[in-house]
Amino acid sequence: QRKLSFASGTTINWLEPKISLANHLKNGAAQNFPTEINKPASVREEQSIAEPCQLTREPEEINPDEELEDISDDKEDDLGAVEEQRSVILHLLSQLKLGMDLTRVVLPTFILEKRSLLEMYADFMSHPDLFIAITNGTTPEERMICFVEYYLTSFHEGRKGAIAKKPYNPIIGETFHCSWRMPKSDVATDAGSNFSAHSPSEQVTLSKDLEGQTELDYYTVKFVAEQVSHHPPVSGFYAECVERKMCVNAHVWTKSKFLGMSIGVTMVGEGLLSLLEHGEEYTFSLPCAYARSILTVPWVELGGKVNINCAKTGYSASINFHTKPFYGGKLHRVTGEVKQNTTNTVVCRVQGEWNSVLEFTYSNGETKYVDLTKLSVTKKRVRPLEKQGPFESRRLWQHVTESLRDGDIDKATEHKRALEERQRNEERLRAETETPWCTKYFLKEGDGWVYHKPLWKTVSAAQTQQTDTN
């Protein structure tokens with residue numbers, strides 16, 4: 001029973017395919033090894049990928065030039081599996097109680113979306129032109145309104161179809177990388193933007209990533225997400241546009257509850273948008289999500305109040321996502337207002353549907369309509385599967401995804417179970433050896449998680465270096 005300690009940098013590898021410890025010896029009976037050997041090679045691989053002690057993991061710099069435009073199109077329109085498996089759903093529901101936390105409940109594979117939750121978070125950046133254009137506002141009021149407009153358009157693309165399905169629960173240590181290229185001509189510009197006040201040479205010195213960018217005719221937005229915790233399930237994600245000196249950092253903890261004929265998902269956490277050009281930081285929260293009518297045609301709606309606040313400028317926004325009343329009422333309704341806190345003056349009001357048409361009314365009496373169904377969506381760029389690391393989302397879940405595409409639910413379940421079993425075994429090993437989990441890209445700061453190399457540190461270091469040189 002002596003406790004073991006390992007030197008820093010020790011790597012723990014499995015010498016044989018891992019065997020479920022729970023089934024290793026049952027009442028003294030020997031393990032039935034042939035069942036393990038007869039599993040598909042891909043399942044054995046999922047269970048036996050040697051994961052080194054996380055103290056040895058180093059952040060990897062992803063070159064956007066290696067990423068190619070995404071050609072996958074996994075629309076979730078198939079209701080067949082849900083209808084065929086209704087008895088399974090009924091059995092599952094019979095085991096649940098109202099208000100029960102579903103965090104550790106294993107849901108059936110056929111309701112899964114063919115991608116990880118980490119990849120779903122990337123869809124918040126599907127309109128990079130609106131994201132980049134936030135910096136073009138010539139006043140704090142304009143920039144806050146631009147951010148609200150971008151924020152409210154960021155949820156629509158996250159739904160891959162009318163049917164509510166659940167993305168894969170990320171494995172601890174799982175990561176997802178992608179980027180977007182946005183032609184500069186497609187981003188609304190403003191002559192009053194302070195961005196133009198910087199000379200090309202100064203911009204290049206801000207970061208190594210800027211080398212050669214002054215001659216390109218597009219902006220690049222880079223994105224990285226990582227599952228930083230398993231219990232509770234916390235995801236961190238970060239996006240930046242170096243050329244426009246802006247970045248967003250967020251951490252989200254999802255809590256699921258059973259609500260009868262619905263499942264509610266609370267998004268606990270906070271995001272921070274930094275506009276380094278203006279020295280402004282915007283904090284924001286995320287709405288709750290609900291999967292309704294889970295026995296018939298499941299669909300998603302958002303609900304709850306979110307707040308956006310910029311302490312430096314004194315501007316804030318409150319947005320309400322309205323759930324549909326029991327009788328009557330519209331679906332997916334959202335209302336909100338932007339105000340100046342010092343004077344308590346409302347400078348913009350918004351109403352409409354977050355997946356349809358939004359109406360913005362400004363203090364000068366002007367009105368603007370945004371039809372989300374007609375907004376252009378910029379496809380993300382991802383590295384080919386063969387260039388991805390073993391813990392990058394698409395490579396990690398590739399066999400589950402392929403089986404779901406083929407309609408083979410049993411095989412998808414088997415691959416999914418292998419990944420989950422491996423995660424449990426590794427968690428048990430860390431507990432036995434008292435080895436702490438070390439993240440790869442995000443660092444714990446207070447109650448949140450921050451990207452290890454955020455743009456505000458890069459810019460600050462570059463400016464300090466330039467001052468010292470001068």
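## Exercises on a predicted model

Leaving aside neighbours within four places in sequence, E366 is in contact with F360 and T361. The model used in these exercises is predicted.

**Exercise 1.** State where E366 lies relative to the strands, and give its C-alpha separation from C348.

*Solution.* Begin with the secondary structure: E366 sits in the loop that links β15 (357-362) to β16 (367-371). Next take the pair of C-alpha atoms. E366 and C348 are 18 residues apart along the chain, and their C-alpha atoms are separated by 9.8 Å. Finally, the contacts of E366, once neighbours within four places are set aside, are F360 and T361.

**Exercise 2.** Compare the span of helix α12 with the expected value, and describe the residue just after the helix.

*Solution.* Helix α12 covers residues 409-433, which is 25 residues. From first C-alpha to last it reaches 36 Å. At 1.5 Å a residue the expected value is 36 Å, and the span is close to this. Just after α12 comes E434, with a positive phi of about 55°.

**Exercise 3.** Classify the packing of α11 against α12 and sort the residues of their contact.

*Solution.* Two packed helices are described by the angle between their axes and the distance between those axes. For α11 (residues 398-405) and α12, the axes come within 8 Å and cross at roughly 165°. Angles over 145 degrees count as roughly antiparallel. The two helices, α11 and α12, are therefore roughly antiparallel to each other. Their crossing is left-handed. On the α11 side the contact is made by H399, V400, S403 and L404; α12 contributes I409, K411, A412, H415, K416 and L419. Sorted by type, the residues of this contact are five nonpolar, three polar and two charged.

**Exercise 4.** Trace the strand pairing from β11 through β12 to β13, with one bridge partner for each pair.

*Solution.* Start with β11 (residues 299-310) and β12 (residues 315-322): they run antiparallel and are joined by seven bridges. Within this pair, N307 has S318 of β12 as its bridge partner. The hairpin of β11 and β12 has four residues between the strands, and G314 takes a positive phi near 80°. Then move to β13 (residues 333-340), which pairs with β12 in the antiparallel sense over eight bridges. Here S316 is partnered by K339 of β13.

**Exercise 5.** Describe the hairpin of β18 and β19.

*Solution.* Strands β18 (residues 442-445) and β19 (residues 448-451) pair in the antiparallel sense over four bridges. L443 has V450 of β19 as its bridge partner. Two residues lie between the strands, and G446 in the turn has a positive phi of about 65°.

Note on methods:
Residues numbered from 1 in each chain as written. Predicted model: local features only at pLDDT ≥ 70, side-chain atom pairs only at ≥ 80, totals over all residues. Heavy atoms only, no water. Expected span 1.5 Å × (residues − 1). Axes fitted to C-alpha atoms, helices over the stretch in contact; angles between N-to-C directions. Parallel < 35°, antiparallel > 145°, perpendicular 65-115°, else oblique. Left-handed = near helix turned anticlockwise from the far one by under 90°. Contact = heavy atoms within 4.5 Å. Nonpolar A, V, L, I, M, F, W, Y, C, P; charged D, E, K, R; others polar. Pairing = 2+ DSSP bridges.
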